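Dear colleague,

I am handing over the structure we spoke about, and my notes on it follow directly below. Please read them with the coordinates open beside you.

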Amino acid sequence: MRLVIARCSVDYAGRLTAHLPAAPRLVLVKADGSVSVHADDRAYKPLNWMSPPCTLKEGEEDGAVVWTVVNKAGEKLILTMEEILHDSSHELGVDPGLIKDGVEAHLQELLADRMETLGEGWSLIRREYPTAIGPVDILCRDADGTTVAVEIKRRGEIDGVEQLTRYLDLLNRDPHLAPVKGVFAAQEIKPQARVLATDRAISCVTLDYDALRGIDDDKLRLF
């Protein structure tokens, strides 16, 4: 990971345009190729970012260092560095991934054993399918033989959709798996997460924990 603290302005050009005037900011460049710009507030949320796959080119313009980040859709994130205060790189290695709580782990186990609840003819490829950015909860195939990545949460929020999106971007680069669809499964899915998932062509499934355990009706609600 590369950490840069700089006084910079940021311009985004894509489906929309956005501009951040010059100010001190933290820029993170991760090993997966993503670039994000942070202020000293807003908790973990970046002011602007570019998800992988994307390319970063460094150049100069009018005496200032200019970073141009371009994704596969041709959208650009342009950072003009007026003054670089810190620039360091650190090798973090492969992250072991988030250890799920008991309910999430059990949901994964139950769903993997009952793939037919997602649809007739669905079959399991593997639980905890390894990738360079962490394991996918469930990798499976639907009745048509299309590869599907399933991300399981107890409470489905925007972060979970973003996590699944990163997995899908990576998995769809593998010609042996592509095309790969996504399913976001949780006991409760927040409205904002559902809207984001729908916009990204990710299906949402509301899981009934008791039903999966055979205590109640075993139907899932697929939206």
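A residue is called buried when its relative accessible area is under 20%, exposed when it is over 50%, and partly exposed in between. Please keep in mind throughout that this is a predicted model.

With those cut-offs, Glu 188 counts as partly exposed because its relative accessibility is 37%, and Lys 190, at 27%, also counts as partly exposed. These two residues form a salt bridge in which the closest N and O atoms are 3.3 Å apart. Arg 2, Glu 58 and Asp 87, for their part, are joined into one network by salt bridges that share partners.

The count of salt bridges comes to 8. Another of them brings together the side chains of Arg 7 and Glu 82, at 3.4 Å from N to O, and this pair links distant parts of the chain, since Arg 7 lies in strand 1 and Glu 82 in strand 7 (residues 76-89), 75 residues apart. Arg 7 has a relative accessible area of 34% and is therefore partly exposed. The side chains of Glu 151 and Lys 153 also meet in a salt bridge, at 3.3 Å from N to O; here Glu 151 is buried, with a relative accessibility of 1%, and Lys 153 is buried as well, with a relative accessible area of 10%.

Turning to the strands, strand 1 (residues 2-13) contains Ile 5, and strand 1 runs antiparallel to strand 2 (residues 17-29), to which 11 bridges join it. Tyr 12 has Ala 18 in strand 2 as its bridge partner, and the hairpin between strand 1 and strand 2 passes through 3 residues. Strand 2 is in turn joined by 4 bridges to strand 3 (residues 35-38), again antiparallel, with Val 27 paired to Val 37 in strand 3. Between strand 2 and strand 3 the hairpin has 5 residues, and Gly 33 in the turn has a positive phi of about 100°.

On the surface, Ile 5, Leu 26 and Leu 85 form a nonpolar patch with about 230 Å² of accessible area together; Ile 5 itself is partly exposed, at a relative accessible area of 35%.

Finally, the cysteines: the count of disulfides comes to 0. Cys 8 is in no disulfide, the nearest cysteine sulfur being that of Cys 54, 16 Å away, and Cys 8 is buried at a relative accessible area of 0%. Cys 140 is likewise in no disulfide, with the sulfur of Cys 204 the nearest at 15 Å, and Cys 140 counts as buried at 0% relative accessibility.

With best regards

Note on methods: Residues are numbered from 1 along each chain as its sequence is written. This is a predicted model: local features need pLDDT of at least 70, side-chain atom pairs count only at pLDDT 80 or more; totals for chains, interfaces and linings use all residues. Side-chain values use heavy atoms; hydrogens and water are left out. A disulfide is a pair of cysteine sulfur atoms within 2.5 Å. Buried means under 20% relative accessible area, exposed over 50%, partly exposed in between (1.4 Å probe, protein chains only). Patches are made of residues with over 30% relative accessible area and no salt bridge: like charges are joined within 9 Å, nonpolar side chains (Val, Leu, Ile, Met, Phe, Trp, Tyr) within 5 Å. Accessible areas come from the Shrake-Rupley method with a 1.4 Å probe; for residues, only the protein chains shown count as cover. A salt bridge is a side-chain nitrogen of Lys or Arg within 4 Å of a carboxyl oxygen of Asp or Glu. Helices (H or I, at least four residues) and strands (E, at least two) are DSSP runs, numbered from the N terminus. Two strands pair if DSSP finds at least two bridges between them.
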